[in-house]
Amino acid sequence: MAAITATASYAARDRDLRNRALVRGWLYFVVIVLFALVLVGGSTRLTGSGLSITEWQPIHGVIPPLSGAEWQEEFQRYQQIPQYTELNQGMSIEAFKSIFWWEWVHRILARSVGVVFALPLLFFWATRRIERGLGPKLAGILLLGGLQGAIGWWMVASGLVDRVSVSQYRLATHLTIAALIFTATMVVARGLAPHSEPAADRSTQRLASFIVLLALIQIYLGGLVAGLHAGMSYNTWPLMDGKVVPSDLLLLEPAWRNFFENPKTVQFVHRVGAYTLFVVALWHMIATWRRQPGTTHARRATLLFLLVLVQASIGIGTLLMQVPLHMALTHQAIALVLLGFAAAHWRGTKGAYPLPTRPPMKRRYALLVGVGVALIAKGLSLSFPPM
């Protein structure tokens, strides 16, 4: 009886581990698609392509213009918005096509993420491969993705009337929600992975989570910088406008507007955020080596600090070179790598999700049937004397 129960328990554990590997692989693939989506979104912004498609058609919008007449119709819609009349007057249809394709690819990737996430989720749920407690996390990510689509159009709509670009408030919100989805997906995937070390102490866990928060704040500030084109001015470092703390940071009234609408203030706050992240990551590395020397946690903390150092260097280079396309995209890509690693590191300090203590209903039935068959066999062997 004990042997049968142990065998069933080992089999259930093996199935749980296999299911975790499947779900984890799927989530890592989602992370890769999200990474590509954010980079294409950055290219769309940097090339001024985000307003080239002036309608939100979630289904019909999958099909691009297929004829000369359809291209002319799409181009005429673009010619009605301020970006064309004030910035791109006289643009050829070939030049319009180049910006159109950036935005179209961005929207197609956004729809693809929804499919890549939703369909496997339904399959894993239907086949009972989603552990108890994991379902709400994954459903929350899915809902956040749906909200992100609406926020994307809300952002684009801000640039179709009275503006030649989208609102920096909405751009920063759109970018931050994408970063949140990216972070949440990475955390869940990492929680399903095997861990070679026990969980770190609570202080290490808290500092690791604080670094994730700082990285998200930096991404939000980066969205404001991008929306205001704040990186195109004050292209010196370490001084800004010839000073450590430049003047006129609170020029607008009321004062809070400066932190969202004053390009100089927004860039300065972004710099301060970078310095803060650098110092906290350095302290986290030192403190982790002191508390848990030679552990995986300490090695990850070291790599995390090195990523922060690389990202800071690229950010400075991007600023000094006045934001060339390749440097700006590299800066955005490393920001995502840093955020993803910080999220994985934080989850790593907490350890993997506990394996299910009670098998799902289907497995309990299988166990009960196995035990019943064993009892019947035992009863039969006792009922009939040996020949």
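**An all-helix chain and its salt bridges**

Read from one end of the sequence to the other, the protein chain runs α-α-α-α-α-α-α-α-α-α-α-α. The model is a predicted one, and in it the protein chain has 12 helices and 0 strands. Of its 387 residues, 43% count as buried. When contacts between residues at least 6 apart in sequence are considered, 77% of them join residues at least 24 apart. The accessible surface of the protein chain amounts to about 19900 Å², and carbon and sulfur atoms account for 70% of it.

Helix α2, which covers residues 68-78, is a good place to begin a closer look. Its residues W71, E74, F75 and Y78 are buried. These residues lie on the same side of α2, because they cover an arc of only 100° around the axis. The cover over the buried residues of α2 includes α3 (82-87) and α4 (93-126).

Helix α5 spans residues 134-157 and has 24 residues. At 1.5 Å a residue, a span of 34 Å is expected, and the end C-alpha atoms are 35 Å apart, which agrees. The buried residues of α5 are L134, G135, L138, I141, Q148, I151, G152, M155 and V156.

Charged side chains come next. Side chains of opposite charge can pair when their charged atoms come close. The structure holds 9 salt bridges, and three of these pairs are described here, beginning in helix α2. There, the side chains of E74 and R77 meet in a salt bridge, with an N to O distance of 3.2 Å. The two residues are separated by about one helical turn, because they are 3 residues apart in helix α2. E74 counts as buried because its relative accessibility is 13%, below the 20% cut-off for that class. R77, in turn, is partly exposed, with a relative accessible area of 25%. This pair also belongs to a wider group: E55, E73, E74 and R77 are linked in a network of salt bridges.

A second pair is found in helix α4, where E94 and K97 are 3 residues apart and so separated by about one helical turn. Their side chains meet in a salt bridge at 3.6 Å, N to O. E94 counts as exposed at 53% relative accessibility, while K97 is partly exposed, with a relative accessible area of 21%.

The third pair joins D241 and K264, whose closest N and O atoms are 2.8 Å apart in a salt bridge. D241 lies in the loop between α7 (202-228) and α8 (258-261), and K264 lies in helix α9, so the pair ties together parts that are 23 residues apart in sequence. D241 counts as partly exposed at 39% relative accessibility, whereas K264 is buried, with a relative accessible area of 6%.

Helix α9 also leads to the surface of the model. V272 has its place in this helix, which covers residues 263-291. At 34% relative accessibility, V272 counts as partly exposed. Together with W237, Y275, L320 and M321, V272 forms a nonpolar patch on the surface. The accessible area of these residues together is about 470 Å².

Methods:
Residues are numbered from 1 along each chain as its sequence is written. This is a predicted model: local features need pLDDT of at least 70, side-chain atom pairs count only at pLDDT 80 or more; totals for chains, interfaces and linings use all residues. Side-chain values use heavy atoms; hydrogens and water are left out. Buried means under 20% relative accessible area, exposed over 50%, partly exposed in between (1.4 Å probe, protein chains only). Helices (H or I, at least four residues) and strands (E, at least two) are DSSP runs, numbered from the N terminus. The arc is that of the directions from the helix axis to the C-beta atoms. Contact means heavy atoms within 4.5 Å. Accessible areas come from the Shrake-Rupley method with a 1.4 Å probe; for residues, only the protein chains shown count as cover. The expected span of a helix is 1.5 Å times one less than its number of residues. Patches are made of residues with over 30% relative accessible area and no salt bridge: like charges are joined within 9 Å, nonpolar side chains (Val, Leu, Ile, Met, Phe, Trp, Tyr) within 5 Å. A salt bridge is a side-chain nitrogen of Lys or Arg within 4 Å of a carboxyl oxygen of Asp or Glu.
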